[in-house]
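Grab a pencil and work through these exercises with the model open beside you. Each one sets a task and then walks through a solution.

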Amino acid sequence: MTSGAAAIWNSLPIAQRRMILLLVSAVAAAQINQPFPELAPLQHGPTMALALAAPWLLRRWPMTDGAVACIFLFLLLHTLGGRYIYSHVPYDDWALGLTGHDLSSTFGWQRNGYDRLVHFAFGLMLTHPLAQIARRQGGMAVGWSLAFSFVTIGFISALYESFEWLLTLVAEGETADWYNGQQGDVWDPQKDMAAAQAGAFIALMILSLRRHRQCDIKAISSIATQQENDDDRP
């Protein structure tokens, strides 16, 4: 690492450096006995590129530890899904080993639903970072930043589904089917986008409630301070 790169790395908060290192370690661990090596570059390449670029990106556009943690948790979920190309995440086997019951039989699921969980997590976890970027870099008011993040989640989801469709046109049949992860559901793209938007809506409600609570706390604090000032007057 050059001195300039080291300076950028050391300028990051220690919590963010740890998250980047953990993400790189998770991507590396996902390659151990990789069950789908032909698709591993498509699944994990962008995540590794983002992790390596993160110090420069966070130096140029700083974010709070909480916002970075949201992105980190989403990418961890994606890394796990990417190892099994989403359609084959063995959560039924894990649940069977832990509880003696598999989730699909318990809830009547007909397909592997891990991909839909990650689409939901995309909206839930990335709404806060997007709103923060809109406020800090775009100068938006809090309300507009939340609206921007909600709309952007839908826009990115649509772009990703379009990318998957284009990939199916240029990739070989089996590779395209595996990466697409449609699992025979003709409404899969629409359901994925709906899941992401549902996650964004929940995040929006949480952020809005937190904003109102902070406003209430500031108002109460201001009233208390005013009362103290009034009491101190002769």
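## Warm-up: an odd loop

**Exercise 1.** Decide whether Ile85 counts as buried or exposed, then look at its backbone and its neighbours in the loop.

*Solution.* Ile85 has a relative accessibility of 1%, and the cut-off for buried is under 20%, so this residue counts as buried. Keep in mind that you're working with a predicted model.

Next, place it: Ile85 sits in the loop between helix 4 and helix 5. Now the backbone. Most residues other than glycine have a negative phi. Ile85 isn't a glycine, yet its phi is positive, at about 40 degrees.

Step along to Tyr86, in the loop between helix 4 and helix 5. Tyr86 also has a positive phi, about 60 degrees, without being a glycine. With a relative accessible area of 12%, Tyr86 is buried.

Finish with Ser87, which lies in the loop between helix 4 and helix 5 (91-99). At 15% relative accessibility, Ser87 is buried as well. Its C-alpha is 7.7 Å from that of Gly113, although 26 residues separate Ser87 and Gly113 in sequence.

## The overall layout

**Exercise 2.** How many helices and how many strands does the protein have?

*Solution.* Count the elements: you should get 10 helices and zero strands. Written from the N terminus on, that gives α-α-α-α-α-α-α-α-α-α. Then check burial across the chain: of the 234 residues, 37% are buried.

## Two bent helices

**Exercise 3.** Test the end-to-end span of helix 3, then find where helix 3 bends.

*Solution.* Start with the span. Helix 3 covers residues 40-60, which is 21 residues, and at 1.5 Å a residue it should span 30 Å. The end C-alpha atoms are 30 Å apart, so expectation and model agree.

Now the bend: it is about 50 degrees, at Ala54. Look within the next four residues and you'll meet a proline, Pro55.

Last, list what's buried. In helix 3 that's Ala40, Gln43, His44, Thr47, Ala51, Ala54, Pro55 and Leu58. For reading such a list, remember that an α-helix has 3.6 residues a turn, so residues three or four places apart point the same way.

**Exercise 4.** Do the same for helix 7: what span should its 23 residues have, and where does helix 7 bend?

*Solution.* At 1.5 Å a residue, the 23 residues should span 33 Å; the end C-alpha atoms are 33 Å apart, which agrees. The bend is about 40 degrees and falls at Leu126, with Pro129 following within four residues. As for burial, 17 of the 23 residues are buried, so helix 7 is largely enclosed by the rest of the structure.

## The largest pocket

**Exercise 5.** Describe the largest pocket: what is its volume, and which residues lie nearest its centre?

*Solution.* The volume comes to about 1200 Å³. The lining holds 43 residues, and those nearest the centre are Leu50, Phe74, Leu75, Phe122 and Leu126. Two or more lining residues come from each of helix 2 (14-29), helix 3, helix 4 (65-83), helix 7 (114-136), helix 8 (142-170) and helix 9 (173-180). Helix 3 gives the most, with nine residues.

Sort the lining by chemistry and you get 31 nonpolar residues, eight polar and four charged. Note that Leu126, among the residues nearest the pocket centre, is also where helix 7 bends.

## Aromatic rings

**Exercise 6.** Classify the ring pair formed by Phe107 and Trp109.

*Solution.* First, the total: there are six aromatic pairs in the model. For this one, the ring centres are 5.2 Å apart and the planes make an angle of 20 degrees; stacked needs under 30 degrees, so the pair is stacked.

Check exposure next. Phe107 is exposed, at 54% relative accessible area. Trp109, at 39%, is partly exposed. To wrap up, add Tyr91: ring pairs link Tyr91, Phe107 and Trp109 into a cluster.

## Far in sequence

**Exercise 7.** How far apart are Ala198 and Leu124 in sequence and in space?

*Solution.* Ala198 belongs to helix 10 (residues 188-232), and at 35% relative accessible area it is partly exposed. Ala198 and Leu124 are 74 residues apart in sequence, and C-alpha to C-alpha they are 7.8 Å apart.

Note on methods
Residues are numbered from 1 along each chain as its sequence is written. This is a predicted model: local features need pLDDT of at least 70, side-chain atom pairs count only at pLDDT 80 or more; totals for chains, interfaces and linings use all residues. Side-chain values use heavy atoms; hydrogens and water are left out. The expected span of a helix is 1.5 Å times one less than its number of residues. The bend at a residue is the angle between axes fitted to the seven residues ending there and the seven starting there. Buried means under 20% relative accessible area, exposed over 50%, partly exposed in between (1.4 Å probe, protein chains only). On a 1 Å grid over the protein atoms alone, a cavity is a set of points where a 1.4 Å probe fits but cannot get out, and a pocket is an open set with protein on both sides within 12 Å along at least five of seven lines; lining residues have an atom within 4 Å of a point. Grid points are joined across faces, edges and corners, and a volume is the space filled by probe spheres set on the points. Ala, Val, Leu, Ile, Met, Phe, Trp, Tyr, Cys and Pro count as nonpolar, Asp, Glu, Lys and Arg as charged, and the others, Gly among them, as polar. Rings of Phe, Tyr and Trp (its six-membered ring) pair if their centres lie within 6.5 Å; planes under 30 degrees apart count as stacked, over 60 as edge-to-face and the rest as tilted.
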